[in-house]
Amino acid sequence: MNQIPTVALVGRPNVGKSTVFNRLVGDRISIVEDYAGVTRDRIYATGEWLSHKFRLIDTGGIEMVEEPIMNQIRYQVEIAIEEADVIIFIVNGREGLTNGDEEITKYLHRTNKPVILAVNKTDNPEQRQSIYDFYALGMGDPIPVSGAHGTGFGDLLDCVISKFPEDLSENDEDDSIKFSFIGRPNVGKSSLVNAILDEKRVIVSNIEGTTREAVDTYFTSESGQKFTMIDTAGIRKKGKVYENTEKYSVMRALSAIERSDIVCMVIDADTGIREQDKHIAGYAYEAGKGIIIIVNKWDLVTDKESKFDEFTDDIRSNFKYLSFAPIIFVSALTKQRLTKLPELIETIYENRSRRIQSSLLNNLLADAVAMNPTPTDKGRRLKIYYMTQVDATPPTFILFINDLELMHFSYERYLENKLRETFYFDGTPIRIISRERQ
Ligand code: GDP
Ligand code: GDP
């Protein structure tokens with residue numbers, strides 16, 4: 001199931017959480033992916049240490065402006081407990097133990113998830129002595145780190161990965177198609193999940209996530225295809241205070257996207273497209289996932305015919321890079337057009353996994369170049385020697401060419417369109433990479 005462990009940072013304001021976050025994703029470990037659109041004030045990233053991949057959340061970035069500070073911290077700890085497999089509790093070695101730290105400790109003692117205590121701002125050997133005060137918290141051996149100087153992170157990460165649950169990778173053999181509904185709060189994601197479950201009476205199981213509280217749902221279609229509906233938490237258990245904060249819901253969406261093969265981007269027919277929709281869709285595209293755009297609550301639309309065109313135009317112009325994604329107009333309430341959704345998901349899954357023989361690709365290339373000659377610059381013409389598919393999920397093609405400077409985005413676009421016309425790639429992004437041949 002491609003479950004990678006989640007690590008969350010908690011601690012009072014100003015202890016250095018975001019500094020440590022940046023160290024953990026930016027320096028000591030390689031960033032696997034940098035999430036387009038959320039790089040400013042990033043609170044969520046994927047990292048790697050000694051070939052162990054993990055997700056990192058800085059709960060300090062999830063702020064609820066109207067709440068008193070101690071409540072905010074409590075919610076942040078709740079989020080960490082709910083989302084994470086391992087929690088890093090950061091304290092400030094320069095200030096020593098504070099009441100706030102003791103409060104946080106009380107909340108953390110209520111979970112049986114592993115907590116690692118990191119004493120930050122221990123910039124030199126003398127300051128490292130301050131860690132002894134923190135034994136009083138009963139959180140085990142404190143680890144001294146310095147976010148400012150980047151010291152102590154090797155020990156911290158060794159400790160973190162030693163606490164990763166072992167059962168996470170067991171589901172790797174799972175051959176179901178994973179999909180999720182993502183979108184802003186109240187667009188109808190949970191209603192869609194329930195409507196589909198209602199439709200599919202053949203539910204296999206409803207298994208609790210191993211360590212996380214997320215609940216995924218499994219079902220099998222009439223054709224025997226297995227599906228996993230990834231829970232974008234909040235879908236099942238609503239009502240948490242922090243759920244409606246934008247950062248939390250974006251973070252949940254990112255984690256659901258990461259685990260999905262196909263992402264169903266839900267837009268509310270009643271309220272239209274918002275900025276946040278673009279954020280999330282951009283990420284799904286970057287991540288190379290299959291994409292379906294779902295306009296939900298279609299039952300509320302009175303003038304359906306003209307609204308249909310209006311919505312289609314609106315979506316196409318707001319999400320130009322998603323021109324390959326089918327748009328469907330549904331109602332979770334009346335279940336209109338929902339029966340066909342699993343079938344569509346299955347088709348896109350196949351498209352996204354498709355591999356094309358090199359001979360076919362090079363026939364296509366020859367035809368494409370004959371119809372629309374390659375661009376020239378200062379008397380030199382772009383030559384494309386060969387095209388081959390190097391990867392699937394999503395389909396990725398390499399073009400061997402004479403000179404990178406001669407390749408234009410518009411010509412790559414042209415070839416992408418040819419590929420889409422000739423083979424079936426509906427609903428999946430495809431990647432074209434040009435390489436100079438020596
Ligand atoms: P957050 O509120 O917990 O996310 O804390 P920040 O990461 O924003 O850090 C708060 C302040 O502490 C900033 O001024 C940082 O530059 C400073 N800081 C963070 N880590 C260290 C450290 O290891 N040593 C020192 N001396 N200052 C640090
Ligand atoms: P979520 O926050 O995205 O999971 O949204 P919910 O599924 O909780 O739906 C939010 C609200 O929209 C609820 O009051 C639903 O009853 C309503 N809703 C969801 N889908 C539809 C629909 O297709 N038609 C109508 N009229 N209302 C819907």
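**Exercise 1.** Which residues of helix 5 (residues 153-162) are buried?

*Solution.* A word on the material before we start: this is a predicted model, in which local features need pLDDT of at least 70 and side-chain atom pairs count only at pLDDT 80 or more, while totals for chains, interfaces and linings use all residues. Residues are numbered from 1 along each chain as its sequence is written, chains are lettered from A and ligands numbered from 1 in the order in which they are written, and side-chain values use heavy atoms, with hydrogens and water left out.

Step 1: fix the terms. Buried means under 20% relative accessible area, exposed over 50%, and partly exposed in between (1.4 Å probe, protein chains only). Helices (H or I, at least four residues) and strands (E, at least two) are DSSP runs, numbered from the N terminus.

Step 2: list the residues. F153, G154, L156, L157, V160 and I161 are the buried ones in helix 5.

Step 3: look down the axis. The buried residues of helix 5 fall within an arc of 160°, so they line one face of the helix; the arc is that of the directions from the helix axis to the C-beta atoms.

Step 4: turn to the other face. Away from the buried side, helix 5 carries the exposed residues D155 and S162.

**Exercise 2.** Work out the strand order of the sheet, then place I87.

*Solution.* Step 1: six strands form an open sheet of mixed pairing, in the order 2-3-1-4-5-6. Two strands pair if DSSP finds at least two bridges between them.

Step 2: find the edges. Strand 2 (44-49) and strand 6 (143-144) each have a single partner strand, so one side of each is left without a neighbour in the sheet.

Step 3: move to strand 1 (residues 6-10) and strand 4 (residues 86-92), which pair in the parallel sense over four bridges. V10 has F89 of strand 4 as its bridge partner.

Step 4: I87 also lies in strand 4 and counts as buried, at 0% relative accessibility. Its C-alpha atom is 6.1 Å from that of L9, although I87 and L9 are 78 residues apart along the chain.

**Exercise 3.** Describe the surroundings of ligand 1.

*Solution.* Step 1: 15 residues surround ligand 1 (a heavy atom within 4 Å), and N14, K17, T19, D123 and G147 are the closest.

Step 2: helix 1 (residues 17-26) gives the most to this shell, with three residues.

Step 3: follow the oxygen atoms of ligand 1. One is 2.7 Å from a polar backbone atom of N14, and one is 3.3 Å from an N or O atom in the side chain of S146.

How values were computed. A polar contact is a pair of N or O atoms within 3.5 Å; within protein, one must be able to donate a hydrogen and the other to accept it, and residues adjacent in sequence count only if both atoms are side-chain atoms.
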